[in-house]
Amino acid sequence: MKKNSKFIYLISPKKIKNDFFYSDLINIFKSKKIFFFQLRLKNENSRKIISIGKKIKKICKRFNVKLIINDSPKLAKKIGADGCHVGQFDCSIKYAKNILKKKIIGVTCHNSKNLIKKAILDNANYIAIGAFYSSKTKKVKYKTSIKLLKLAKKMTKIPIVAIGGINSKNYKKLLLNKANFLAISGYIWNNKKLNPFEAVNKLK
């Protein structure tokens, strides 16, 4: 993996508490390793998500990072984001595409070959599979393996995002097995030893 290629799909912390977050984000984006940034605020109301989303959008634009909104194509449209990520219990890809037209729609496929097939048929713009490792960010219900990643790469040319417990000790194996992007959250935001910028710089 080239040092400056953009292979990180950064997911926001669960809560954005203060303005320090935005300066951290700018520092992280300066690493030139972030391709996608997903705003994932499950416990905030729509108004707050739109307000935070519009601030982040300006930063994303400045650093040429794609802004993805979790769960809601309607909020993605209001924010003017680059796309939306939908889980299996959110709306369908078709519904999201109706709202967002030609924008990016990504979908969670857990550890399922059938869900990957369905996402391909539904013309998803990227597929997220995992969890590859245990994670403190999200309770791991679906555990997957490199075997599924290799299979997914044979099934489609759609970019594959690997997710779940990824950190500086285990990320290289996923890149070596041709994951296009690594979805990372806890390792960056909840790292007890490194600040967010230092954590990102460990990923080369």
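## Two buried rings far apart in sequence

F181 is buried in this predicted model. Its relative accessibility is 10%. F36 is buried as well, at 5%. Both values fall under 20%, so both residues count as buried.

F36 and F181 form an aromatic pair. The geometry is edge-to-face. The ring centres lie 5.1 Å apart, and the planes meet at 75°. The two partners come from distant parts of the chain. F36 sits in strand β2 (residues 34–39). F181 sits in strand β8 (residues 181–184). In sequence they are 145 residues apart.

## Aromatic pairs and a cluster

How many aromatic pairs does the whole structure hold? A search finds twelve. One of them joins F21 and Y22. This pair is edge-to-face, with 5.4 Å from centre to centre and 75° between the planes. F21 has a relative accessible area of 6%, which makes it buried. Y22 is buried too, at 11% relative accessibility.

F21 and Y22 also belong to a cluster linked by ring pairs. The other members are F29, F37, F63 and W189.

## One side of helix α1

Helix α1 covers residues 20–29. Its buried residues are F21, Y22, L25, I26, I28 and F29. Why do they lie on the same side of α1? They cover an arc of only 160° around the axis, so they share one side. A general rule helps here. An α-helix has 3.6 residues a turn, so residues three or four places apart point the same way.

What do the buried residues of α1 pack against? Their partners are strands β1 (8–11) and β2, along with helices α2, α8 (186–189) and α9 (196–201).

## The nonpolar cores

The largest nonpolar core has 63 residues. Which members touch the most others? They are F29, F37, I56, I129 and L182. Helix α2 (residues 46–63) gives this core its largest share, seven residues.

Take I56 as an example. Leaving out residues up to four places away in sequence, I56 touches I16, F21, Y22, L25, F37, L39 and L67. F21, Y22 and L25 in that list are buried residues of α1.

Another core lies apart from the largest one. This second core has ten residues, including I11, A128, V161 and A183.

Key:
Residues numbered from 1 in each chain as written. Predicted model: local features only at pLDDT ≥ 70, side-chain atom pairs only at ≥ 80, totals over all residues. Heavy atoms only, no water. Core = buried A, V, L, I, M, F, W, Y, C linked by side-chain atoms within 4.5 Å. Buried < 20%, exposed > 50% of the residue type's maximum accessible area, 1.4 Å probe, protein only. Helix = DSSP H or I, 4+ residues; strand = E, 2+ residues; numbered from the N terminus. Contact = heavy atoms within 4.5 Å. Phe/Tyr/Trp six-rings, centres within 6.5 Å; stacked < 30°, edge-to-face > 60°. Arc of directions from axis to C-beta.
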